[in-house]
Amino acid sequence: MKLKGLLGYLVGWRLAVVGAGLLVAWIVVVVGFDVTLADSLLMVVVAVMLLGPVLLLLARQGTLADERYERLTARVERIDGVLGSGAGSLRDVAARLDKVDEVLADSVRKPLDPTALPWPTPVGKSAPILLLPSAAYHLGEIMPLHDALNRRGYETMVAVGDAHWPRIATGLSWYDTPVFRLPDPELAASGLRAVVSMKDWAGYGEVVAAAKEAGVPTFAKVEGAQDFSDADTPYERAAYRLADHILCQGKNDFDALDGSRYIVGSSRLERLFHAPVLPQDGDHVVINLNFTYGVLEEERAAWIESAVAACEQLGLPYTVALHPAERRTRSVPHASTIPISRLLLRATTLVSRFSTVPFEAMARGIPFVYHNPHGERVATFAHGGDAFRRTNDTVELAAALEEARGWRDDYRDRCSVFFSRQVDVDPEVSSEDRAADLIYGMLG
């Protein structure tokens, strides 16, 4: 410790206190013990010599204490801006961590590890119905249909192509139904009674085409919100134009397509619709980030920036849900790869572009805002009445989020007309039974 620092510590009030103490001690000695002035001064000099090291040690410790206090004060000042109760505060961060902890607790309770079995060798006159999911959320449609077809006496088998395995494996953890690894299209189509696919293009288009070539009846079940005319898709998919028969979710699908098509609803969404609405405390916005497969990817950065800005403007806590195919980046704040179905369990509002996720939010009774600053052209959410608000910039989105806070108690009623056009729900017959009855009527 430098002498300057020690002297600095002793200067000021400390020096005054020490000096006053020595003066009092000197007066007591001189008066009380009748000591001469010369002797008393000598005693003071001896006392200073004896106590000097002690005083220096105390000065050093005091200086260090002051430095530690100054460092702590500087740290407090640096984080003082986030010690409040608004968005971005430590309390807000703790609340979000609690929310994530709840969601993680839900998502890690998986009873099985996903596996795929080798393609089986046909036995006797076996002619199964092949069921083809291509994403984890498709299992909520395929597995109930698998059971419904079994109840009608059909042999069925579920298979997954290698390209679809990464998106479907985690969902398979919840099912004990055997799943097979799909071989090449010609082998897969051999010896089948029928094919039911959630998509009849991309990865499974070749299997559907091979089955048709072999005279096997083919069905495709609409997987969710669809850009049937490829208005915003940079390539022609011809979605649901290849399979012989299309199983539609609702009137919207039926009107958009032609040919052999039937409305059978959605097993996954109708189950959510029938379930009680989960009560929520406080606010938590889920932002659905989904600019994938080459669709409007150039609009991604501006879209998420405007959505986040609206939440921060209102001080609303939020989580950005990344689509499984969405690229990971640190530039997106509060991003999560937890499946959005799990995040919606704790959500009070959903913000999304065109997607199936708004249907899920409506089924759950969670208010939805359609955010379209990039001007996408697919018409599904262009006219929703009072079912949701459509926004084109941060200001409009902030106003819509504020309004949506008052919709929580009756949102299912508010969006019922729009939702029922997208997803037909029969209170007497489940979606899987409607589909299985239709297939049974055609196959016999």
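Which residues do ring pairs link into a cluster? The legends below take up this question along with the two sheets of this predicted model.

**View 1. Overview of the predicted model.** The protein has 444 residues, and 45% of them are buried. Its secondary structure comprises 17 helices and 13 strands. About 22,600 Å² is exposed, with carbon and sulfur atoms supplying 58% of that area. Of the contacts between residues at least 6 apart in sequence, 67% join residues at least 24 apart.

**View 2. The seven-stranded open sheet.** The strand order is β3-β2-β1-β4-β5-β6-β7, and the pairing is parallel. Strands β3 (179-181) and β7 (261-263) stand at the edges. Each has a single partner strand, so one side of each lacks a neighbour in the sheet. From one strand to the next, the twist averages 25°.

**View 3. Pairing of β4 with β5.** Strand β4 covers residues 194-197 and strand β5 residues 218-221. The two run parallel and are joined by three bridges. Within this pairing, valine 195 stands opposite threonine 218 in β5.

**View 4. The aromatic pair of tryptophan 201 and tyrosine 240.** The structure holds 14 aromatic pairs. In this one the ring centres are 5.2 Å apart and the planes make 75°, an edge-to-face arrangement. Tryptophan 201 lies in the loop between β4 and α8 (205-213). Tyrosine 240 lies in the loop between β5 and β6 (245-248). The pair therefore ties together parts that are 39 residues apart in sequence. Tryptophan 201 counts as buried at 10% relative accessibility. Tyrosine 240 is also buried, with a relative accessible area of 2%.

**View 5. The six-stranded open sheet.** Here the order is β10-β9-β8-β11-β12-β13, again with parallel pairing. Strands β10 (335-336) and β13 form the edges, and each pairs on one side only. Strand β11 (residues 349-352) runs parallel to β12, and three bridges join them. The bridge partner of leucine 350 is phenylalanine 368 in β12.

**View 6. Helices α11 and α13 against the six-stranded sheet.** Helix α11 (residues 300-314) packs on the sheet. Helix α11 touches β8 (285-289), β9 (318-322), β11 and β12. The direction of α11 makes about 175° with that of β8. Helix α13 (residues 357-364) lies across β8, β11 and β12. Helix α13 runs at about 165° to β11.

**View 7. The aromatic cluster.** Ring pairs link Phe354, Phe359, Phe368, Tyr370, Phe381, Phe388 and Phe418. This is the cluster asked about at the start. Two of its members, phenylalanine 368 and phenylalanine 388, are both buried. Their ring centres are 5.1 Å apart and their planes stand at 50°, so the pair is tilted. Phenylalanine 368 belongs to strand β12 (residues 368-371). Phenylalanine 388 sits in the loop between β12 and β13 (389-391). The pair links distant parts of the chain, 20 residues apart.

**View 8. Two arginines over phenylalanine rings.** Arginine 261 lies over the face of phenylalanine 254, at 4.0 Å from the ring centre. The charged end of arginine 412 sits over the ring of phenylalanine 273. Its distance from that ring centre is 5.7 Å.

How values were computed: Residues are numbered from 1 along each chain as its sequence is written. This is a predicted model: local features need pLDDT of at least 70, side-chain atom pairs count only at pLDDT 80 or more; totals for chains, interfaces and linings use all residues. Side-chain values use heavy atoms; hydrogens and water are left out. Two strands pair if DSSP finds at least two bridges between them. Helices (H or I, at least four residues) and strands (E, at least two) are DSSP runs, numbered from the N terminus. Axes are lines fitted to C-alpha atoms, for helices over the stretch in contact, and angles run from 0 to 180 degrees between N-to-C directions. Rings of Phe, Tyr and Trp (its six-membered ring) pair if their centres lie within 6.5 Å; planes under 30 degrees apart count as stacked, over 60 as edge-to-face and the rest as tilted. Buried means under 20% relative accessible area, exposed over 50%, partly exposed in between (1.4 Å probe, protein chains only). A charge sits over a ring if NZ of Lys or CZ of Arg is within 6 Å of the ring centre and within 35 degrees of the ring normal. Contact means heavy atoms within 4.5 Å. Accessible areas come from the Shrake-Rupley method with a 1.4 Å probe; for residues, only the protein chains shown count as cover.
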